[in-house]
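Subject: A structure for you to explore

Hi there,

Here is the structure I promised to pass on to you. Please open it beside this email so that you can look up each place as you read.

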Amino acid sequence: MKLTHDEWTLDHLKVHLQYAVDLEFWTIPFYMSAMYSIKDRSDPAFQLIRTVVNQEMLHMQCAANMANAFGLSPTVEAPTYEGTTIPHLDFGLDDPKVIAPYLPYTAEIGPLDLEHINAMCLIEIPDYDTGEKQVELYAGTEEYGSIGAFYEALRLGASLLKENIRGGVQQVDAFAPFYNNMPQMVVSESRSDGLNQVILLIELITEQGEGQSKTDTSIPSVFQNTADDMSPDDDHFEKFNMIKDSAKGKGKLPATYIGKPRGKYTAEDKKVEAILIEQFTELRGALKGLFGGKNPENFFPVMASVGGSIRNCWKHGVTPKFS
Amino acid sequence: MKNNSIFRVHPTINFARFGTSEDYILAPETSAGLPQDGTDTTGGLPIRKGSETKPVTSKDLRDEEGNLKKQAARYRIYAYDQANTHSYPEGAGTEVVVGTKLPDGRKVVDLIWSSHLANKKAAAYNVVNNKGILAYKDAVPQLRNPETHGDIDSAYRLNRLMIDAGPRAISASSNEGAKFDRCTRASCVRKGGKIKKLPEYPIRFPSDTNSRLFEPNGPLDSLGEMLTDEKGRLLVLASSGNAVGQYDEYGVPIQMTGDLNNVGWFDSAADGPISVTLKFDDGSTEDAFGAWVVCGDPAYAPQIRNVVSVWDDVYDMFVRELGLQPELYGSKKGQKKTAYKASYRPTFAADIQPVFIACDLQRWTANLPPLALRAHTAVRAIDEDDDPDRTIMAALNFLRNPNKDETNIGTPLMPLSLGAAGTSFLTVTKTQYFLLEQWSKGKFKKGRGSKLGPGEAMDVAALANCLGGRYVPGIEVSYTIKDQEIYIQDWQKSGAGPFRVKHYPLTYRKLNSETPYLTSGWIPLHDMADGLQPGDISKFMATPWQTDYNSCSIHATAINTDGVNESNGAETTLYWSWPSQRPDAVYVAEEVVNNVLPKQKWSIRGPGTFAVNPAQAATFQDPLQSVNDWDKIGIIVQGSNVEIGDREFSPDLYLEVQGLLTATGEATDPVASWPFNANPSKKPPKCPPH
């Protein structure tokens with residue numbers, strides 16, 4: 001349901017902010033699983049995905065910081081990876097010519113193969129329509145035509161409710177040293193000054209990855225990683241296309257571990273699968289605590305352990321499972 | 001009773017460290033950072049003078065005038081049953097001192113110790129920081145001080161550039177000491193343990209051939225000293241660590257222009273063989289298998305364990321090349337190909353946990369970000385009862401694999417410090433990695449594992465307390481320490497045991513005071529297997545030592561790779577060079593209140609250290625200041641051994657004490673949180689359009 005500016009409420013905004021957290025979080029296990037399936041960690045594909053995963057974590061932090069600034073401590077639910085359902089991607093709304101190069105795709109967890117790199121490109125595909133548009137606000141987050149339109153609505157919606165912004169509330173700042181050109185990655189101020197910070201975070205998300213409306217794929221220097229990115233000026237879509245294009249040139253994607261049929265899982269295989277599920281559940285709790293101001297000491301160790309467990313699953317021939 | 005004992009000196013390689021004080025403490029005999037029975041104090045701390053094992057506290061590090069105490073290398077003799085010398089570890093060994101009665105009834109009446117210290121740095125080849133040992137492959141690097149005429153072995157060059165204090169021999173029962181200085185007469189041991197004076201020995205110091213020298217910390221007239229303790233054990237003291245420079249033709253001290261190969265400069269580092277002859281009450285004598293001493297840099301963070309230590313490197317080489325433990329590495333019956341044995345089970349406490357502890361200890365000397373600290377804490381918390389698959393180290397997901405091409409991958413792989421020559425990042429050794437892989441697969445043992453004999457434990461401890469992995473060129477020793485050619489390779493058959501440097505046979509006959517006795521000595525990759533002369537280990541190090549210690553704080557990876565960034569990160573991102581051995585960022589004990597940590601400070605800080613470019617942070621900006629002020633740098637000590645008034649510090653903390661570079665409250669360069677970056681290089685000016 002389309003909303004007028006007057007109908008737009010803080011509750012609507014909070015729903016949108018939670019959705020932003022969900023959107024960003026969905027990509028992390030999906031991308032990490034593809035990355036850790038690559039046997040050779042020095043392969044550029046591995047390294048490119050690594051940089052995107054790090055930025056998805058950053059985006060999640062940004063979304064959560066914005067949510068907290070508006071009084072919402074976000075939840076972190078287990079994402080669903082089924083069929084071809086990627087949150088908020090309805091390719092029926094897109095130009096078939098734009099989508100065609102990235103078919104077929106899958107939304108199920110798996111190794112870096114054609115269907116997964118296609119899905120990764122589709123998730124990050126920019127909104128090429130750069131013309132003047134009326135920004136619409138909807139009650140339901142699923143009503144937006146693209147992630148770009150969603151983030152535009154978030155920007156507008158935040159602006160309309162800027163008086164509700166309270167700076168310094170449960171802000172997380174884990175990535176600042178990796179972005180020397182970025183003034184700040186938290187919402188430390190209230191109201192108008194806080195809104196400037198909120199909009200900066202939205203721009204960071206959309207310029208690095210999802211939802212940008214632009215004709216080139218380079219990231220402005222302010223949003224570029226200055227520490228550990230082999231291709232800091234390329235956005236996610238460009239990075240994933242580099243992998244896809246490189247595979248075309250070589251005739252294949254990098255060698256990956258392959259998941260065996262579940263029926264062939266050994267007791268050891270089942271054990272490592274269960275450990276991953278257990279640790280991922282623990283991670284969701286830690287993230288919720290992190291964005292809820294609880295400063296959980298185990299957050300990063302658990303996050304790292306999940307990475308290890310994904311790798312461990314692949315080494316056992318087990319396709320990672322998160323819930 | 002038939003004499004079936006053999007005698008060996010331990011540690012096989014030990015380290016005496018510089019100090020500006022005449023007083024000294026003793027080199028540690030425990031391994032850095034590792035738990036010790038019955039105490040909270042971890043291993044690696046030096047030992048109090050006159051004590052068997054009591055570790056120092058912060059008050060023992062300087063004398064009353066504030067001078068840094070030297071660290072003496074203590075050597076002991078152990079007797080072994082000749083029949084059991086074919087495997088490692090032997091787990092045996094009985095210490096022999098003056099007065100010891102052997103099983104065959106003989107009593108030790110004297111120990112005649114001898115050594116010979118030299119410093120060949122100025123006469124040797126340049127250190128090539130991006131080539132390492134490969135600089136010697138089918139070639140040799142450029143000579144240091146090439147303006148001094150002659151080839152590497154010319155008497156002209158050696159007379160002017162080599163510092164040779166000559167040999168000294170002392171009797172333990174006579175409680176003698178001997179200085180390796182310019183004016184003490186050389187002496188050696190002859191048949192029957194007799195000490196012979198060598199008045200013709202060509203002792204060489206820089207002042208012999210330079211009428212005038214720039215001596216900012218006094219004349220360079222000694223390379224050290226040796227003496228014995230009350231039981232007849234040998235103590236070797238290093239020099240004061242000073243350095244001197246020549247004047248140029250304008251009468252100006254030659255400026256130090258780099259960190260490794262400064263022309264016209266000499267330092268007082270040294271190394272050489274240790275030998276001992278045992279004299280018995282029946283008039284017989286026996287020689288022990290000797291050892292080696294390296295005199296060099298102070299230990300500024302003695303308990304902060306290196307992820308890769310010299311021990312790890314030497315052990316790795318002996319395992320893979322000299323048949324140290326066939327049950328761990330070797331060939332299958334009837335096959336030539338060698339490999340690690342899948343059946344081998346490492347012991348968690350001895351083989352795995354030290355790496356995890358080292359990982360966690362880096363926080364006390366490097367400016368790690370908070371998230372990394374928490375991850376490191378989780379690594380340290382892993383114990384032998386944990387299922388590896390449930391730990392943060394599952395699948396060794398964050399460990400760089402030395403068997404693969406991963407040295408250019410930085411984050412998130414560990415260790416995240418700079419690597420060996422030609423590589424961006426450090427890896428654990430292949431043996432460390434194999435042992436960790438076995439643990440990761442659940443193939444490991446709990447408990448203490450194979451027990452080292454007391455001498456063997458000292459060998460491990462001495463080497464484990466030194467910087468390994470990144471020999472560019474290193475702190476105590478360089479890459480040559482991994483070259484099997486320098487060791488007694490038939491360690492089983494000879495009875496010498498492993499890790500023992502082969503002594504080049506020096507007879508000290510036909511001496512001529514005008515002609516250098518030592519030659520340029522051993523170099524790698526040139527089929528020179530006849531042993532090392534004095535000075536053949538330290539000559540691969542920087543000259544003077546202070547400039548390298550000073551500069552090797554933090555760098556971009558390109559410093560290792562011909563100036564081109566090959567890492568997966570930004571070319572300006574800075575990483576630590578030797579974070580455990582050369583502290584970068586530290587917590588000052590004086591500033592800790594109620595065990596709450598203050599902000600970190602650079603280890604080298606205060607006037608003369610302010611850096612415009614973060615790449616030069618934590619260093620003396622003028623290399624001459626490093627020569628003058630190295631002894632004022634603080635030492636990192638565990639909280640349990642920090643003594644400041646009646647304050648109590650947690651043993652969980654490792655804090656800087658006895659630093660003299662700044663006083664409390666003085667401004668210093670702030671320590672950035674990692675990752676931090678060097679200033680970008682300036683673009684060349686554009687030419688006007690044609």
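Below is what was found in it, one region at a time.

First, some ground rules. This is a predicted model, in which local features need pLDDT of at least 70 and side-chain atom pairs count only at pLDDT 80 or more, while totals for chains, interfaces and linings use all residues. Residues are numbered from 1 along each chain as its sequence is written, chains are lettered from A and ligands numbered from 1 in the order in which they are written, and side-chain values use heavy atoms, with hydrogens and water left out.

**Where the two chains meet**

Let's begin at the interface. On chain B, 33 residues are in contact with 35 residues of chain A (contact means heavy atoms within 4.5 Å). Together the two chains bury about 2,600 Å², and 49% of this is on carbon and sulfur atoms. Buried area here is the accessible area, taken with a 1.4 Å probe, that two parts lose on being put together, summed over both.

The rule finds four salt bridges across this interface, a salt bridge being a side-chain nitrogen of Lys or Arg within 4 Å of a carboxyl oxygen of Asp or Glu. B:D389 and A:K271 form a salt bridge, with their closest N and O atoms 3.0 Å apart. There are also 22 residue pairs in polar contact, both residues at pLDDT 80 or more. A polar contact is a pair of N or O atoms within 3.5 Å; within protein, one must be able to donate a hydrogen and the other to accept it, and residues adjacent in sequence count only if both atoms are side-chain atoms.

Which helix gives the largest share of the side of chain B that touches chain A? Helix α4 of chain B (residues 370-380) does, with four residues. Helices (H or I, at least four residues) and strands (E, at least two) are DSSP runs, numbered from the N terminus.

**An arginine between the chains**

Now find A:R41, in the loop between α1 (10-37) and α2 (44-69) of chain A. Is A:R41 buried or exposed? A:R41 is buried, at a relative accessible area of 6%. For these words, buried means under 20% relative accessible area, exposed over 50%, and partly exposed in between (1.4 Å probe, protein chains only).

A polar atom of the A:R41 side chain lies 2.8 Å from the backbone oxygen of B:N397. The backbone oxygen of B:L399 lies 2.6 Å from a polar atom of that side chain. Leaving aside neighbours within four places in sequence, A:R41 is in contact with residues including A:F46, A:R311, B:F398 and B:E406.

**A helix wrapped by others**

Stay in chain A and look at α4(A) (114-124). Nine of its eleven residues are buried, so the helix is largely enclosed by the rest of the structure. Among the buried ones are A:H116, A:M120 and A:E124. The cover over them includes α1, α2, α3, α5 (147-160) and α7 (236-250) of chain A.

In the loop between α3 and α4 of chain A you will meet A:P111, which counts as buried at 14% relative accessibility. A:P111 and A:M35 are 76 residues apart along the chain, with 7.6 Å between their C-alpha atoms. Not counting residues up to four places away in sequence, A:P111 touches A:H116 and A:W314, among others.

**Backbone details**

A:P104 is also in the loop between α3 (96-99) and α4 of chain A, and a cis peptide bond with omega of about 0 degrees joins A:L103 to A:P104. In chain B, a cis peptide bond joins B:H10 and B:P11, with omega about -5 degrees. B:P11 lies in the loop between β1 (5-10) and β2 (13-17).

Two residues of chain B that are not glycine have a positive phi: B:K510, near 55 degrees, and B:A618, about 60 degrees. B:K510 is exposed, with a relative accessible area of 86%, whereas B:A618 is buried, with 1%.

**A pair of strands**

Finally, strand β24 (residues 635-638) of chain B runs antiparallel to β25(B), and four bridges join them; two strands pair if DSSP finds at least two bridges between them. B:V637 stands opposite B:L655 in β25(B). In β25(B), B:Y654 and B:E656 point one way and B:L655 and B:V657 the other, and all are buried. In a regular strand the side chains alternate between the two faces of the sheet.

Enjoy looking around!
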